[in-house]
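Thank you all for coming; I would like to take a few minutes to walk through one structure with you. Please have a look at it first, and then we will go through it together.

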Amino acid sequence: MTAPTTCEDLRAWQRELRAQFPIVTGHPELAYLDSAATSQKPRAVLDAVQAYLTTSNANAARGTYTWANRTTDLVERTRERVARFLGDTRAERSAVHFTSGTTEGLRTIARDWLPGLLRDGDQIVVPGADHRANIEPWLETRRQLAREGVRIHVVEMPYQSGSWDYDHRALAERAGPRTRFVAATHVHHVYGGDMNVHRIRRAVGPEAVICLDAAQGVGHVPLSVDDLDVDFVVFSGHKALALPGSGAVWARQERGPRFTPGGWSGTPNTVGVASLEAALDWLDAAGVERVERWTVDLAARLTEGLRGLDAYEVLGCPLSLAADSAVQRRRGIVTLRHRAVDSGDLGFVLFSHGFMVRSDHLCQGDAGERTGSVRVSLHVYNTEEEIDRLLSVLASLA
Ligand code: PLP
């Protein structure tokens with residue numbers, strides 16, 4: 001039933017990496033398949049947190065003694081680390097701001113920066129079938145500006161029917177000289193598709209600001225801000241092997257006003273920053289392109305297996321089910337429904353077999369799915385054996 005893997009050369013590499021996740025190896029009877037919600041942490045991240053808290057814990061940019069200086073260095077170093085991890089070759093021109101995660105990062109841009117860009121009659125593009133965190137902040141900015149008498153038009157991001165990839169041709173038709181800001185997503189959190197963000201620049205022209213929600217991209221697939229020609233990248237450290245409460249906004253600083261989050265920002269999450277630095281080091285050493293190959297291959301193994309089970313529907317591009325599909329590249333996320341069993345019930349049954357999956361509406365915007373689903377989301381610690389076990393349980397429920 002299952003597809004032969006194309007990642008045989010990565011098996012030994014993966015075994016070694018999986019062994020570095022204590023919570024995973026400590027519970028062999030369970031399979032954690034919810035990494036799109038949050039990731040597990042390798043020992044290197046846990047050790048970095050312990051080391052920081054037992055050798056240098058102090059506030060950043062506030063003291064003159066050794067621990068405070070070390071903490072300030074850590075925060076500054078990690079800003080550069082984030083820029084390098086995102087393939088920013090001109091980091092002296094960009095800025096990195098730490099946040100608690102993607103939601104807070106997008107909201108900060110919407111609240112502190114976007115109003116300074118927009119003028120009466122401008123357009124913003126909003127992706128209504130993406131995560132709510134990448135919809136609500138932009139609509140709130142519009143409401144806020146409307147109260148001040150500034151009218152902003154919202155253009156719905158067009159999607160291709162069936163695949164849920166962005167429809168860049170329709171976008172080019174809808175966009176015009178007043179299109180100042182485009183909110184987009186790197187990898188879709190429900191359909192798992194790579195949203196082909198590189199096509200957006202061509203569709204909207206050289207002046208529009210493109211803001212990328214990379215919550216499901218960073219740490220899972222290579223990302224180059226230079227190749228994508230985007231202006232903001234926002235992500236959650238906790239989905240990329242770091243601690244909860246760590247995240248970042250990367251800002252190019254070349255289109256529109258400079259991004260300088262307003263107000264007194266208070267004490268940064270220095271422990272989160274320490275974990276983020278260690279997580280990015282760990283991911284670079286592991287090789288993000290290999291993490292991508294491994295998780296994409298597991299996702300293909302799952303979708304190939306599901307192809308033989310008529311009781312299930314897989315959401316998103318049907319042609320991307322094949323591992324070698326060039327139509328839309330599915331990443332390590334597969335969302336499905338049983339045609340007769342409620343998704344909440346299916347999630348419950350799967351947990352009784354040891355599988356931890358997400359089963360609800362997945363925080364998707366109103367232009368997306370109307371009913372719940374079960375999401376299987378993968379990271380480097382997941383195995384072929386877990387996928388095969390999941391498939392055999394799903395087959396028994398079919
Ligand atoms: N954007 C996408 C695409 C996501 O998948 C998520 C989380 O699931 C978020 C934003 C929100 O991330 P956080 O809860 O870390 O702020």
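Let me begin with a question: in which loop is Trp-164 found? Bearing in mind that what we have here is a predicted model, the answer is that Trp-164 sits in the loop that runs between β4 (153–156) and α7 (168–174). I start there because most residues other than glycine have a negative phi. Trp-164, although it is not a glycine, has a positive phi of about 65 degrees. Leu-362 is likewise not a glycine and has a positive phi, of about 60 degrees, and Leu-362 lies in the loop between β12 (358–360) and β13 (373–377).

Stepping back to the whole chain, we have 13 helices and 13 strands, and the C-alpha trace spans about 55 × 55 × 35 Å along its principal axes. For 398 residues a compact globule would be expected to have a radius of gyration near 21 Å, and the chain, with 21 Å, therefore agrees with that expectation.

Now to the ligand, which occupies the space of the second largest pocket. It is surrounded by 13 residues, and the closest of them are Thr-103, Asp-213, Gln-216, Ser-236 and Lys-239. If we sort that shell by class, we find three nonpolar, eight polar and two charged residues.

As for individual contacts, a nitrogen atom of the ligand is 2.6 Å from an N or O atom in the side chain of Asp-213. An oxygen atom of the ligand has a polar side-chain atom of His-238 at 2.7 Å, and a backbone N or O atom of Thr-102 lies 3.3 Å from an oxygen atom of the ligand. How much of the ligand does the protein bury? Taken alone the ligand exposes 390 Å², and the protein buries 86% of that.

That is where I will stop, and I am happy to go back to any part of it.

Note on methods:
Residues are numbered from 1 along each chain as its sequence is written. This is a predicted model: local features need pLDDT of at least 70, side-chain atom pairs count only at pLDDT 80 or more; totals for chains, interfaces and linings use all residues. Side-chain values use heavy atoms; hydrogens and water are left out. A residue is near a molecule or strand if one of its heavy atoms lies within 4 Å of it. A polar contact is a pair of N or O atoms within 3.5 Å; within protein, one must be able to donate a hydrogen and the other to accept it, and residues adjacent in sequence count only if both atoms are side-chain atoms. Accessible areas come from the Shrake-Rupley method with a 1.4 Å probe; for residues, only the protein chains shown count as cover. On a 1 Å grid over the protein atoms alone, a cavity is a set of points where a 1.4 Å probe fits but cannot get out, and a pocket is an open set with protein on both sides within 12 Å along at least five of seven lines; lining residues have an atom within 4 Å of a point. A molecule sits in a cavity or pocket if more than half of its atoms lie within 2 Å of its grid points. Ala, Val, Leu, Ile, Met, Phe, Trp, Tyr, Cys and Pro count as nonpolar, Asp, Glu, Lys and Arg as charged, and the others, Gly among them, as polar. Helices (H or I, at least four residues) and strands (E, at least two) are DSSP runs, numbered from the N terminus. The radius of gyration is taken over C-alpha atoms; the globule rule is 2.2 Å times the number of residues to the power 0.38.
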